[in-house]
Amino acid sequence: MATADQRTDANDVWLPIPPGEIEGLPEGLHYVHWDAGPDYPADPARCVFYAVPYMKGAEVSLRPLSRMSRVRVVQTLTAGIEHMLPGLAQLPSGAQLCNARGLHDASTAELALTLILAALRDVPGFVRSQDAGEWRPAFRPALADKSVLIVGYGSIGSAIEDRLTPFECARVVRVARTARDTVRGPVHPLSDLSALLPAADVVVLATPLTEETRGLVGSGFLARMKDGALLVNIARGGIVDTKALLAELESGRLRAALDVTDPEPLPAGHPLWHAPGVLITPHVGGPSSAFLPRAKRLLRDQLTLFAAREPLRNVIATAG
């Protein structure tokens, strides 16, 4: 790695993980560690590759961008990049914004399956009985023989289906922005959702938050779901109209398991906390022991391409 006195050109790489903990980083770049602390590790104007701190919030993550006049790449460690889009206009022309497609597949798909099983088998109810010291056996639905609809069939949606396969589901139906064929079967376009919803026992939301998907799950979407169906959201809270969902939960017609909410964080006293038939986790699809090794691998691979001046993966937007 180049030292500070050897550098004549801007070639700083800002990493949210200490560079000494990432094996195989390419030579010829100067690596500094910044994980959203109050002080910058170096002059932002020398940064050419900015790996955004993970789970530190948009305000902190965007803070150095206005001073990064030579940055060429902004790399998130999240699949969603909506928190970084407001900073795109501050980037120099040609700078690329990349997401972390693939990084969270295993962890998020694992949580999706956890939420499905916990909600169907009423694990929260059994935990409450345990807390009360009460033995209350009950008959609960199984995942076996259920029809599951995955809305958003990217890498995370595909990973969810991987984990559903051993559970003897009656069928898994796939929906994405555009239709296509896969080795598992067809992927339906979003325009088919209205016709597909009534047959689904479980609807899993795994789609990115875009202008097209914001508020996608509103009163009309929910009304098309069958009585007793389970809505699982491991995507983004803004995809669901919270008021419309609350109405369905309070009527007892639908159930939900939510890793994300709108608003988020969900404030104390919000009616969603105590709505019947809802299980809530605090946006923990990504943060697990699976995160760090995959984050290191992503950063190493992207920086290897960057150093070799080869096209980067997962480019979502280009400034200019």
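Let's start with C98, which is buried in this predicted model: its relative accessible area is 0%. Another cysteine, C169, has a relative accessible area of 18%. Does that make C169 buried or exposed? It counts as buried, because the cut-off for buried is under 20%.

Now, when you see cysteines, you may wonder about disulfides. A disulfide is a covalent bond between the sulfur atoms of two cysteines. How many does a search of the whole structure find? The answer is zero. C98 is in no disulfide, and the nearest cysteine sulfur, which belongs to C47, is 13 Å away. For a disulfide the two sulfur atoms would have to be within 2.5 Å, so that pair does not qualify.

Next, please find helix α4, residues 155-164. This helix is mostly covered, with seven of its ten residues buried. Which ones are they? They are S155, I156, G157, A159, I160, E161 and L164. As you rotate the model, look at what sits over them: the cover includes helix α2 (105-120) and the strands β6 (147-151), β7 (171-176) and β10 (202-205).

Here is a handy bit of background for reading any helix. An α-helix has 3.6 residues a turn, so residues three or four places apart point the same way.

Let's move on to helix α7, residues 242-251. Its buried residues are T242, A244, L245, L246, E248 and L249. Among the elements that cover them are α6 (219-224), β11 (230-233), β12 (255-258) and β13. Both ends of α7 have a detail to look at. At the start, a side-chain oxygen of D241 comes to within 3.1 Å of the backbone nitrogen of K243. Just after the helix, G252 has a positive phi of about 85 degrees.

We just met β13 as part of the cover on α7, so let's go there. V278 lies in this strand, and at 18% relative accessibility it is buried. What does V278 touch, leaving aside residues up to four places away in sequence? Its partners are L249, A256, L258 and L272. Here is a nice example of how folding brings parts of the chain together: V278 and P124 are 154 residues apart in sequence, and their C-alpha atoms are 9.4 Å apart in space.

Follow the chain out of β13 and you come to T281, in the loop between β13 (278-280) and α8 (291-307). Is T281 buried or exposed? It is buried, because its relative accessible area is 17%. Its side chain makes a polar contact of 2.7 Å with the side chain of D259. With residues up to four places away in sequence left out, T281 touches L111, L115, L258, D259 and V260.

Finally, let's look at the empty spaces. The count gives one cavity of 30 Å³ or more, and the largest cavity has a volume of about 50 Å³. Its lining is made up of N233, G237, V240, T242, L245, L258, V260, T261, D262 and L272. By class, that is five nonpolar, four polar and one charged. You may recognise T242 and L245, which are among the buried residues of α7.

There are pockets as well. The second largest has about 280 Å³ of space, and its lining includes L29, R72, F306 and L312. What classes do its lining residues fall into? Six are nonpolar, two polar and three charged.

Methods:
Residues are numbered from 1 along each chain as its sequence is written. This is a predicted model: local features need pLDDT of at least 70, side-chain atom pairs count only at pLDDT 80 or more; totals for chains, interfaces and linings use all residues. Side-chain values use heavy atoms; hydrogens and water are left out. Buried means under 20% relative accessible area, exposed over 50%, partly exposed in between (1.4 Å probe, protein chains only). Helices (H or I, at least four residues) and strands (E, at least two) are DSSP runs, numbered from the N terminus. Contact means heavy atoms within 4.5 Å. A polar contact is a pair of N or O atoms within 3.5 Å; within protein, one must be able to donate a hydrogen and the other to accept it, and residues adjacent in sequence count only if both atoms are side-chain atoms. On a 1 Å grid over the protein atoms alone, a cavity is a set of points where a 1.4 Å probe fits but cannot get out, and a pocket is an open set with protein on both sides within 12 Å along at least five of seven lines; lining residues have an atom within 4 Å of a point. Grid points are joined across faces, edges and corners, and a volume is the space filled by probe spheres set on the points. Ala, Val, Leu, Ile, Met, Phe, Trp, Tyr, Cys and Pro count as nonpolar, Asp, Glu, Lys and Arg as charged, and the others, Gly among them, as polar.
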